Structure formats: structure tokens, C-alpha cells
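Hi everyone, thanks for making room for me today. I'd like to walk you through a structure, so please have a look at the screen.

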Amino acid sequence: MNKKSTEELIRNWSIKKKLLVSHGSIIATTFVLIVFLLIGMKSIENSLRKLYEGPTMNIHYSAELYYPQLDIQRAVNRVMAEGIENLDTMYPQLENTVNKNMEIIEESYALLYETLLTQENKDRLTLINSKLQNEIASYRTEVMRLLKQGDFTGAREYNNTYYKPAVDEVKGMIEELEASVMETAANYEKNSETTALILIIAGLILLILVTWAAITIALRVTDGITAPIKQIEDVAKMMRVGNLSASQQITYQSKDELGTLAQTMRETLEILDSYVKEISGELSEMAKGDLTKNYNEITDFLGDFASIKQSFGLILKEFNETLSRIKATSAQVDSDSDEIAHTANELSDGNGEQASAMEQLTATINSVSQMAADSAKQAETAYDNTLKSVQVAEDERKQMKELQAEMQRIKEISGEIEAIITTIEEIASQTGLLALNASIEAARAGEAGKGFTVVADQIGKLATDSAQAVVNTKALIDKTVEEIDKGNKITERTAVAFEDIITEMQGFAAVVKEVNENAGNQAMALTQVEAGIEQIASVTQQNAAASQQCSAISMELAARASELDDLINQFKLYKS
């Protein structure tokens with residue numbers, strides 16, 4: 001298995017398995033070293049035991065062959081030293097000593113033969129035992145026989161000639177055997193030291209190899225855990241600063257828990273990045289005034305993000321409905337302002353006609369005044385002219401009633417405009433509240449809601465400007481209504497004056513036949529008629545001024561409505 005396949009195999013392990021392998025390699029390394037040390041200690045123990053049971057015990061057993069010969073030789077010498085007079089006492093002791101030492105020699109021979117490690121030494125031992133059992137035994141028997149017979153001289157001579165040299169020869173052979181055993185012991189000791197050195201070197205090599213293997217496995221397992229965690233940590237830091245396009249930097253792929261976590265992290269980043277891009281794009285379009293996005297065309301957000309789509313769709317719906325209502329209201333205001341302007345123009349035309357009638361009436365009154373000097377001669381003519389004047393006055397009175405009706409209509413239209421302005425005020429207030437809510441939602445969205453904050457601010461500014469325009473328009477309408485009320489009062493006074501004029505002219509017609517008798521009254525009546533005419537002319541001028549002012553107000557209202565319509569037209573709304 002190559003390195004790449006090994007790394008892939010380790011990468012696909014679960015974290016639990018990786019940790020078990022990592023820790024298990026350390027435990028296995030420790031176990032192998034302990035086992036190796038135990039084996040080495042056991043090997044050294046066996047070497048020491050062989051050294052003890054072999055050469056060391058061989059020296060002991062060879063000494064059991066050597067020293068009994070000396071003990072027997074000393075016993076023989078003691079008997080010969082004590083002399084013939086102590087033979088009965090010393091000889092039994094010699095036999096006991098010989099028997100005891102021979103048992104020791106036989107036992108030592110058997111044990112030494114079993115524990116000798118080389119065949120050469122076993123052959124030497126066999127030769128020594130042969131001399132002990134044959135030659136030395138025969139010499140010792142002869143010496144003991146001579147001593148038992150009391151022939152101390154012969155025993156001493158035989159001892160010195162045969163027995164002692166044979167014993168010395170055997171002791172020399174035993175010493176050679178001991179030297180060989182010592183050499184074997186030295187070899188065993190050297191072998192033990194060599195074995196110990198080999199075990200130490202092998203242990204160090206094994207320790208290095210096993211430690212290297214454990215460290216390699218631990219490092220690979222550790223890299224298999226820390227590398228993806230490092231990638232995920234770096235990407236998480238990038239997410240924290242708002243970078244959601246870093247999903248491709250998570251390259252770790254495996255079947256373990258970290259691989260699942262990395263895949264989930266990649267998919268989460270891709271989903272969030274798509275959400276942010278879509279929201280940013282839609283907010284950018286809204287900032288440009290395009291509110292035509294269909295709610296169903298927005299991506300279905302997952303989980304808690306679904307509320308963002310709902311809020312987004314609600315904002316689009318509310319903006320479209322609010323701006324559509326504002327646009328419709330603006331159109332209505334524009335239409336009503338046109339109607340007010342039309343009515344004001346009609347009122348102005350009526351005032352012109354009324355002024356013309358006043359001039360005609362003035363001419364008529366002047367004619368009556370001129371005829372008053374000659375009322376007697378032209379009473380009949382004056383009577384006819386008076387009837388004509390009454391008819392003209394009656395016509396003027398009808399025009400005054402129509403003027404009152406038109407003024408009342410203007411007042412009612414002004415009331416309707418005030419109701420419309422109240423509706424616009426409510427819409428502007430709702431728009432401002434909606435802009436405030438949008439600003440709050442944008443602030444909650446953080447960096448992603450900055451573009452929407454600009455839109456909310458523009459809508460709030462539009463609502464403020466609309467409210468201010470409504471206030472100005474309302475002030476103008478109120479002023480118009482006030483002027484209309486003044487015009488109504490003047491018109492009422494004019495109507496009363498016309499009634500007086502008609503009454504006076506009727507009275508004038510009744511008494512015209514008595515012009516001569518009532519010339520003074522006629523002159524006074526003419527004076528009152530002139531005063532009434534002047535008052536009517538003044539009222540007419542005031543009505544003309546009021547109608548001009550009303551026309552100017554309607555033009556201002558139309559301009560404001562056009563401005564509001566231009567602001568609304570900056571947004572693209574649903575065609576429906």
C-alpha cells in the first residue's frame with residue numbers, strides 16, 4: 001500500500017478510530033518495549049543461571065574432588081605421624097575419613113559430570129575418575145594395608161613413591177579441569193555480556209523504530225484531525241468578517257465526522273452566499289426604484305431564513321400598495337385642482353359679467369338722475385326706465401344667487417380637498433412608519449442591510465416632503481376657504497343690497513307718477529341707489545380678487561400634485 005492510499009485510508013477513519021489508533025500505537029509501542037525488555041532480562045537471567053549452574057557449580061564440584069584427596073592424604077600423614085603406638089586409635093579414623101571422602105568424591109563426580117558444559121571436560125573428568133577408582137584407590141589400599149600391619153616405614157615409602165605422586169597428578173588434572181571450567185565460565189560471562197549488549201542495542205533500535213512508527217502514525221492521525229479543523233477555523237474567521245464566498249477553500253473530503261462537518265460547512269456557506277447575493281441584488285434594484293419583483297420568484301429560504309423572504313415580500317407589497325395609493329391620490333388632487341381652477345375661472349368670468357352689469361346699471365342710474373331734473377316732463381319715460389331697471393336688478397339678483405351657489409360649491413370642493421389632504425397625511429405618516437420599520441430591520445441585518453437603509457431613508461424623506469407639501473397645501477386651502485367665506489359674506493351683503501335696490505326701485509316706480517311731489521324723495525333714493533351700486537362694484541372687485549387667488553391656489557396645488565407624481569414615478573410598481 002503506497003503512501004497516498006494509506007493517507008486516504010487514515011483520512012476516512014472516524015475520529016474515534018483515529019484516536020484509538022494513535023493512542024493504541026503508543027500503548028503498543030510501550031507494550032512491545034516492555035515485552036522486549038522482559039525477554040532480554042529473561043535471556044540474561046538464563047545466561048546467569050547457566051553460568052551459576054554450569055561453571056560456578058563445576059568449580060564447586062571440582063573442589064569436592066580436589067579437597068577430599070587432600071583430606072585423605074592428611075589423614076594418612078597423621079596416622080604415620082602418631083606412630084605405631086596410636087595405630088589402633090588413628091586407623092579407624094583413617095578409614096572413616098577415607099569412606100566419607102570417597103562418598104563425597106563419587107557424589108561430586110556424578111554432579112560434575114552432569115553439569116560440565118564441554119565434552120572435553122567430561123573426558124578429563126572421566127580420566128580423573130578412572131585414576132581415582134583404579135590407580136589411586138590401589139595405592140591408597142596398599143598404604144592403608146601397610147599402616148594396618150604397622151609397617152610404617154614401608155607405608156611411608158610406598159606413600160611417597162606411589163600414592164602421593166599419583167594424588168598430586170590427579171590434583172594437577174583437577175586443577176587443569178578447573179582452569180578449563182574457568183575458561184568456559186569466562187566465555188559464558190563474555191557471551192552474557194555480548195548478549196546483554198546485543199539486547200541493549202536491539203532494544204534501542206527497536207525503541208527507535210517503534211517510536212518512529214508510533215510518532216508517524218500519531219502525526220498522520222493528528223494531521224488528519226487538525227488539518228480540516230484548521231481549514232474550518234480559517235473559513236469561520238472569514239465568515240465572522242462577512243466573507244461568505246470562501247466555501248471553495250474547504251478542500252477536505254472524507255467519510256469521517258470532520259468530512260461531514262466540512263461538507264456541511266461548504267453547503268452552508270454556498271446557501272448563505274446565494275441568499276446574500278439575491279437579497280443584495282433585490283435591494284439594489286429597489287434602491288434604483290424597481291419594485292416589480294414577484295414574491296414567488298424569490299428563492300425559498302430554508303429554516304429561520306424563511307422569515308426574511310416573508311418580510312421581503314411584505315415590504316415589496318406594502319411599498320407597492322402605499323406608493324400606488326399615493327400616486328392615485330396625487331392624480332385625484334391634480335384632477336381636483338383642475339376643477340378648482342375651472343371653477344375659479346368661471347367665477348372670474350361671472351365677476352366680469354357682473355361688473356359689466358354694474359356699469360350698465362350705473363349708466364342707467366345716471367340717466368335717471370339726469371331725468372330727475374325734468375321728472376315732470378319725462379315721468380312716463382322714467383317710469384318705463386325704472387321698470388327696466390327693476391328687471392335688470394332682478395336679473396342681477398339671480399346672478400348673485402348663482403354666485404352664492406358657486407361660492408358654496410368652491411367651499412364644498414375645498415372640504416373635499418381637505419379630506420384628501422387628510423388621507424395623504426395618513427399615507428405620509430404610514431410611509432414614515434414603514435420607513436422607520438425598514439430602517440430597524442436593515443440595522444438588524446447589519447452590513448447586508450446597508451443598501452436597504454438607503455432606500456428606507458429615501459422613502460422616509462419622501463414621506464416627510466409629502467407631509468410638508470400636504471401641510472402647505474392645507475394652509476393654502478384653509479386660506480382659500482377663508483377668502484371664500486369672506487366672498488360669501490360680501491355676496492350676501494350684495495344680495496341684501498340688491499333686494500334693497502329692487503324694493504326702492506319698486507317704490508320709485510310707485511311714486512314716479514308723483515315725481516313732482518316727491519322730487520326730494522326721488523333724489524334721496526337715487527343717492528342710495530348710487531351708494532348700493534358702488535358697494536356692489538366693490539363686492540364684485542373683491543370677488544374677482546378672491547377668484548384670482550383661488551385660481552393661483554389651484555395652480556400651486558396642481559404643481560405640488562405634479563411634483564408628488566414625479567417622485568412616485570421614480571419607482572417601478574406592479575402593473576396590476
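Before anything else, please keep in mind that this is a predicted model.

Let me start with one pair of side chains in helix H4. Arg145 makes a salt bridge with Glu142, and the closest N and O atoms are 2.3 Å apart. Why do these two find each other? They sit 3 residues apart in helix H4, so about one helical turn separates them. How open is the spot, buried or exposed? In between, in fact: Arg145 counts as partly exposed because its relative accessibility is 36%, and Glu142 is also listed as partly exposed, with a relative accessible area of 22%.

There is a similar story in helix H5. Lys230 forms a salt bridge with Asp234, with 3.4 Å between the closest N and O atoms. Both residues lie in helix H5, 4 residues apart, which is about one turn of the helix. Lys230 is partly exposed at 42% relative accessibility, and Asp234 is partly exposed at 29%.

Now for a pair that reaches across the chain. The side chains of Lys131 and Glu169 meet in a salt bridge, at 3.4 Å from N to O. This one links distant parts of the chain: Lys131 is in helix H4, residues 119–149, while Glu169 is in helix H5, residues 152–240, and the two are 38 residues apart. Is Lys131 buried or exposed? With a relative accessibility of 17%, Lys131 counts as buried, since the cut-off for buried is under 20%. Its partner Glu169 is partly exposed, at 38%. A third residue joins in as well: Lys131, Glu135 and Glu169 are linked in a network of salt bridges. As a general reminder, side chains of opposite charge can pair when their charged atoms come close. How many salt bridges does the structure hold? The count is 9.

Let's step back and look at the whole chain. What is the secondary structure made of? There are 10 helices and 0 strands, so to speak an unbroken run of α elements from the N terminus on. Of the 576 residues in the protein chain, 39% are buried. If you take contacts between residues at least 6 apart in sequence, 82% of them join residues at least 24 apart.

Next, the nonpolar side of things. The largest nonpolar core has 39 residues, and Leu94 and Leu147 have the most contacts inside it. Which elements give two or more residues to this core? They are helix H2 (15–82), helix H3 (87–115), H4 and H5. If you zoom in on Leu147, you will find it touching Val76, Val79, Met80, Leu87, Leu94, Phe152 and Ala155, not counting residues up to four places away in sequence. There is also a second, separate core of 20 residues, which includes Leu316, Ile326, Leu564 and Ile568.

Two of those helices deserve a slide of their own. H3 and H4 pack with their axes 12 Å apart, at an angle of about 170 degrees. The two helices are therefore roughly antiparallel to each other, the cut-off for that being over 145 degrees. Among the residues that meet are Tyr91, Leu94, Val98, Met102 and Ile105 in H3, and Leu125, Leu132, Met144 and Leu147 in H4. By class, the contact of H3 with H4 has 13 nonpolar, 3 polar and 5 charged residues.

Here is a residue I'd like you to click on: Asn159, in helix H5. Is Asn159 buried or exposed? Asn159 counts as buried, because its relative accessibility is 0%. And what is around it? Leaving aside neighbours within four places in sequence, Asn159 is in contact with Gln73, Val76, Asn77, Met80, Val143, Lys164 and Pro165. Two of these names, Val76 and Met80, are also touched by Leu147.

My last stop is Gln430, in helix H8, residues 379–445. Gln430 counts as partly exposed, at 46% relative accessibility. Gln430 and Gly460 are 30 residues apart in sequence, and 9.9 Å apart in space from C-alpha to C-alpha.

That's my tour. Thanks for listening, and I'm happy to take questions.

Note on methods:
Residues are numbered from 1 along each chain as its sequence is written. This is a predicted model: local features need pLDDT of at least 70, side-chain atom pairs count only at pLDDT 80 or more; totals for chains, interfaces and linings use all residues. Side-chain values use heavy atoms; hydrogens and water are left out. A salt bridge is a side-chain nitrogen of Lys or Arg within 4 Å of a carboxyl oxygen of Asp or Glu. Buried means under 20% relative accessible area, exposed over 50%, partly exposed in between (1.4 Å probe, protein chains only). A nonpolar core is a set of buried Ala, Val, Leu, Ile, Met, Phe, Trp, Tyr and Cys residues joined through side-chain atoms within 4.5 Å. Contact means heavy atoms within 4.5 Å. Axes are lines fitted to C-alpha atoms, for helices over the stretch in contact, and angles run from 0 to 180 degrees between N-to-C directions. Angles under 35 degrees count as roughly parallel, over 145 as roughly antiparallel, 65 to 115 as roughly perpendicular and the rest as oblique. Ala, Val, Leu, Ile, Met, Phe, Trp, Tyr, Cys and Pro count as nonpolar, Asp, Glu, Lys and Arg as charged, and the others, Gly among them, as polar.
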